[in-house]
Amino acid sequence: MQEALTNVTKHAAAKTARVRLAYSHDRLTLTVADDGGTLRSAPSTPPVPGGGFGLVGMRERAQSVGGRLRAGARPGGGFEVRAELPLSEIALTIRESALAIRSRPGAKPPSAARPSST
């Protein structure tokens, strides 16, 4: 979604952008929406190697993990990019562990393991 925020600064005359993260038991939804303005022209230079490839690249990356991406004009003006990504089994396990830790009174999350200095 960094690409979506970059697109706001490069291609829109928006004053603000809103980033929203929402999740359910099996899906993460990320939304970047700007407040409108006018569309500026696309840059005349091609993307640099390792750089972004706009909406096509974002859509391909979402699909590569079993997700989907929608992008388009908002009814009240502006533009919105929304990625819906499946949460993997590992992510679900981590989330469930974190919720279990938080539900214990006085519990603190475990600290990261550190290599010994001996």
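User: How are accessible areas obtained, and how much accessible surface does the chain have?

Analyst: Accessible areas come from the Shrake-Rupley method with a 1.4 Å probe, and for residues only the protein chains shown count as cover. In this structure the accessible surface of the chain comes to about 8,700 Å², and 57% of that belongs to carbon and sulfur atoms. This is a predicted model, in which local features need pLDDT of at least 70 and side-chain atom pairs count only at pLDDT 80 or more, while totals for chains, interfaces and linings use all residues. Residues are numbered from 1 along each chain as its sequence is written, and side-chain values use heavy atoms, with hydrogens and water left out.

User: Which elements does the chain have, and in what order do they run?

Analyst: Helices (H or I, at least four residues) and strands (E, at least two) are DSSP runs, numbered from the N terminus. Here there are three helices and four strands, and from the N terminus on they run α-β-β-α-β-β-α.

User: What does buried mean, and which residues make up the largest nonpolar core?

Analyst: A residue is buried under 20% relative accessible area, exposed over 50%, and partly exposed in between (1.4 Å probe, protein chains only). A nonpolar core is a set of buried Ala, Val, Leu, Ile, Met, Phe, Trp, Tyr and Cys residues joined through side-chain atoms within 4.5 Å. Of the 118 residues of this chain, 20% count as buried, and the largest nonpolar core has eight residues, namely Ala4, Val8, Val32, Met58, Ala62, Leu69, Val81 and Ala83. Two or more residues of this core come from each of helix H1 (2-11), helix H2 (54-64) and strand S4 (79-86).

User: Where do the buried residues of H2 sit around its axis?

Analyst: For a helix one can take the arc of the directions from the helix axis to the C-beta atoms. The buried residues of H2 are Gly54, Gly57, Met58 and Ala62; because they cover an arc of only 135° around the axis, they lie on the same side of H2. The face turned away from that buried side carries the exposed residues Val56, Glu60, Gln63 and Ser64. Just after H2, Gly66 takes a positive phi of about 85°.

User: Is Thr29 buried or exposed, and which residues is Thr29 in contact with?

Analyst: Contact means heavy atoms within 4.5 Å. Thr29, in strand S2 (residues 27-34), counts as buried because its relative accessibility is 15%. Leaving aside neighbours within four places in sequence, Thr29 is in contact with Arg20, Leu21, Ala22, Arg82, Ala83 and Glu84. Leu21 itself lies in strand S1 (residues 17-23) and, at 57% relative accessibility, counts as exposed.
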